[in-house]
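Biologist: Please take a close look at the enclosed space in this model. Tell me what lines it, then move on to the pocket, the helix packing and the backbone.

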Amino acid sequence: MQDMMGGFFGLELPEYGNFPYPEGAGCAYLSSGRAAFECLLRNMPRPGCILVPQFICNTVLEAPARLGIPVKRYNCTEQLTPILPEVGENELVLLVNYFGFSHLAGVAAELQGRCVVDATTALYSPPLQGVPTFYSPRKFCGVADGGVACAPFPLVHLPEEESRSAASSLYLLDRVECGAESALAASEAAEQALSAPPRRMSPLTRRLLRSIDFRAAATRRMENYATLHAALGEINHLQLPEAPAHAPMCYPLVSGIPGLRDTLIDAGIALPLYWPEVIDATDAASTENRLARRLLPLPLDQRYTKTDMEQLIRLILG
């Protein structure tokens, strides 16, 4: 739709246009990450069952439930490596790239096309060759919704309806003007709205994605990761690389420091649980339950500098 020329001004946004995944025949822009997962499923041969890891957000189950596809659960190691049972010919495995650190190429090759990768916490990790993959940009930048489906085949079965996100995006402005606490309730409401049936990505989210310098953001994330890992790598029970191949979402710290989560939260550090439903659904002694309780996703994104990372390190190490 062509807009009117002249008149009042809207938001004046820069045009970087370096979002990692350009829209095209094999790349569709949807209303959310879970909508992108459903889009991939609708464009693939229908599996008899989907194997889903126990350590994952329950929202990923919405797509198979909507399509009537049964789900089986599987476990992972303490290093977030999948422990797969024997996979049948008509079964599909959902592999998860956790925070941008998972090495899935070998597992995907063994599955010979019977897998999809959930990269909703790994925006900067490109799809493996021949493997359908979906992303959730809002976990990495200031947008309220949006998802991306990438596939080695044309995505032709797409929603007809286009999303509208101006109302749900108001918390982005509220955080700037009034702070995070004021915007929290609206951000949670926007999150709940993502359970709606899949739609195409809204014009506002498309425009906002073009206004973010994703290359500069990736560089800052890598710099901040290096600062954190140099100080925290020895106490981290997760084996993380000195230099990740792609910019990560966060620095996932699993340590033995008692009360660390509460200490950091009291100091004003946001540390979401990944994922609270895992704690409720699993035995306290299970690997997934321990990970959900102990993993601290330390922020390292483009909003923060080396000085911020050094302050965070002092809070952790004392």
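Modeller: Cavities come first, with the other topics after them.

This model is predicted, so local features need pLDDT of at least 70 and side-chain atom pairs count only at pLDDT 80 or more, while totals for chains, interfaces and linings use all residues. Residues are numbered from 1 along each chain as its sequence is written, and side-chain values use heavy atoms, with hydrogens and water left out.

The search runs on a 1 Å grid over the protein atoms alone. A cavity is a set of points where a 1.4 Å probe fits but cannot get out. Lining residues have an atom within 4 Å of a point. Points are joined across faces, edges and corners, and a volume is the space filled by probe spheres set on them. By this rule there are two cavities of 30 Å³ or more.

The largest cavity holds about 50 Å³. Its lining is P53, Y74, C76, L80, P82, L95, V96, Y98 and L104. β3 (71-76) and β5 (91-96) are the elements that give two or more residues to that lining. Strands here are DSSP runs of E, at least two residues, and helices are runs of H or I, at least four, numbered from the N terminus. By class, the lining has nine nonpolar residues, no polar and no charged ones. Nonpolar means Ala, Val, Leu, Ile, Met, Phe, Trp, Tyr, Cys and Pro; charged means Asp, Glu, Lys and Arg; the others, Gly among them, are polar.

L80, one of the lining residues, deserves a second look. L80 sits in the loop between β3 and β4 (82-83). Its phi is positive, about 65°, although it is not a glycine. Most residues other than glycine have a negative phi.

The second largest cavity holds about 30 Å³. S32, R34, A35, E38, E62, A63, R66, L194, A196 and P198 line it. Here α1 (33-42) and α2 (62-67) give two or more residues. The classes are five nonpolar, one polar and four charged.

Next, the open space. A pocket is an open set of points with protein on both sides within 12 Å along at least five of seven lines. The second largest pocket has about 520 Å³. It is lined by 28 residues, and N97, G100, F101, S102 and H103 are the closest to its centre. The lining divides into 18 nonpolar, 10 polar and no charged residues.

Now the helices. Axes are lines fitted to C-alpha atoms over the stretch in contact, and angles run from 0 to 180 degrees between N-to-C directions. The axes of α4 (residues 170-178) and α5 (residues 180-193) come within 8 Å and cross at roughly 170°. So α4 is roughly antiparallel to α5, a label for angles over 145 degrees. Y171, D174, R175 and C178 of α4 contact A180, S182, A183, A186, S187 and A190 of α5, where contact means heavy atoms within 4.5 Å.

α7 (residues 214-232) and α11 (residues 306-317) have axes that come within 9 Å and cross at roughly 25°. That makes α7 roughly parallel to α11, the label for angles under 35 degrees. N224, T227, L228, A231 and L232 of α7 meet K306, M309, E310, L312, I313, I316 and L317 of α11. Those residues divide into eight nonpolar, two polar and two charged.

Last, a peptide bond. Y274 to W275 is cis, with omega near -5°. W275 lies in the loop between α8 (260-266) and α9 (276-281).

Terms used: Parallel < 35°, antiparallel > 145°, perpendicular 65-115°, else oblique.
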